[in-house]
Amino acid sequence: MLMKFRKKKIAATVQTLITDTDNALESLMGSGESADQLLTRLGVSRQQAFETISSDDEVESCREDLRTAMLSKTFRLWGEDANDDEINRLWRIMRKHLPVLVEAVLTAKLNGYAVIRYVYEQEEDGFLSVGKVSDKSTELDKYTPKADGSLTYYSDNGEVTVDTNVVYLLLTNRATSTNPAGEMAGARLYPAVAIRKQGFIYAAQFIKRYAQPYMVGYIEGETESFSSKLFSFIAGGAIAVNREDRIEMLQNNADGQAFQRLEQVANRRIQKALLGKVKTSDLENGSRAAQETEEETKGDRIDGYLYMLGLAAQHMVDALLMVNEAYGKTIHAPKGLWFEFNKKTEIDIKRADRDTKYAKDANLRFTEDYYIDVLGFEPNH
């Protein structure tokens, strides 16, 4: 009966630990203070927090989901009276460098801002193409966004304001005049990542210290020689003891579930912040309706990342137009070129049900314009 009571007490203590940890993360990640204020209170710089968060495998797993979602989207370039061959040429350049732009979006979201540099190369016909895109995510502490939208680089020769029209891309996340470096979403992930890292350390110490069973011998008289025999016995073999002596194996029956549940708490926080939903593998319970709602939230969250990716891609298109206008081969696009993602055609179930009823009950027939303008079909369809 006493053992049963102890198990209930241990379970209650674990639950209290998990609840208190969850509440602490809620207060840190959901506080009204800004990301920079949170980092100041934690005593961590923006660059230190970004490096710590980026090295976490759960954060990287969520980043990979976002990366895959963005790269799977198809896009097009278009412009009125633009030359199709030139558009196709620019499209191939964008397709080549889109993965780097995706990384810039993820960096800007976690760090508040991202910086990349275009490296141009001239082709045989004089056209200036972006041959390489250099990601500056590992040296962001050298770049400082200013309130007027400019970007400053701190080199060995001093402070320099760099060109953000055709040479550098500065991508920010919710930047303001008082916070030109943008809102660092990763700051609110830092406590959860710290729990995961420290949790692994303590779990390793726990396993090393307690998961290995202990052998204890109870004897009468001299103990030194018996201890050496006991060590030999543990290494493998047999041991003989007197009738009055005995040997017992002591083992901790705790299964370390507190570490597993603490990790799940941290994982859920990271996933909710980055993806807008908790992965099924980290759910303890939940309804199907709740999961469907969170799946919609994830879709909306990805749309936010795609919006930033669209801004980054449009900047590269504009840079190519400007640099070729000044130094290379002019691109014929009198009204500009625009980058946009192809919209996925979705079935409007309510409209389809309504049209079916009209066609069946009222013998209504739809015109060609209705099929083209409303339903999105083309005459060749």
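**Exercise 1.** Leaving aside its neighbours within four places in sequence, which residues is Lys109 in contact with?

*Solution.* A word on the model: it is predicted, with local features needing pLDDT of at least 70 and side-chain atom pairs pLDDT 80 or more, while totals for chains, interfaces and linings use all residues. Residues are numbered from 1 along each chain as its sequence is written, and side-chain values use heavy atoms, without hydrogens and water.

Step 1: find Lys109 in helix α5 (helices are DSSP runs of H or I, at least four residues, numbered from the N terminus).
Step 2: look for contacts, meaning heavy atoms within 4.5 Å. Lys109 touches Asn173, Glu183, Met184, Ala185, Gly186 and Tyr305.
Step 3: check one partner. Ala185 lies 76 residues from Lys109 along the chain, yet their C-alpha atoms are 6.0 Å apart.

**Exercise 2.** Follow α5 from its start to the residue after it.

*Solution.*
Step 1: before the helix, a side-chain oxygen of Asn83 comes within 2.9 Å of the backbone nitrogen of Asp85.
Step 2: α5 covers residues 84-111.
Step 3: at His97 the helix bends by about 50° (the angle between axes fitted to the seven residues ending there and the seven starting there). Pro99 follows within four residues.
Step 4: next comes Gly112, with a positive phi near 100°.

**Exercise 3.** Describe how α3 and α5 pack.

*Solution.*
Step 1: take the angle, about 125°, and the axes, 10 Å apart (axes are lines fitted to C-alpha atoms over the stretch in contact, with angles from 0 to 180 degrees between N-to-C directions).
Step 2: name the partners. Arg46, Phe50 and Ile53 of α3 meet Thr107, Leu110 and Asn111 of α5.

Definitions and conventions: Helices (H or I, at least four residues) and strands (E, at least two) are DSSP runs, numbered from the N terminus. The expected span of a helix is 1.5 Å times one less than its number of residues. A polar contact is a pair of N or O atoms within 3.5 Å; within protein, one must be able to donate a hydrogen and the other to accept it, and residues adjacent in sequence count only if both atoms are side-chain atoms.
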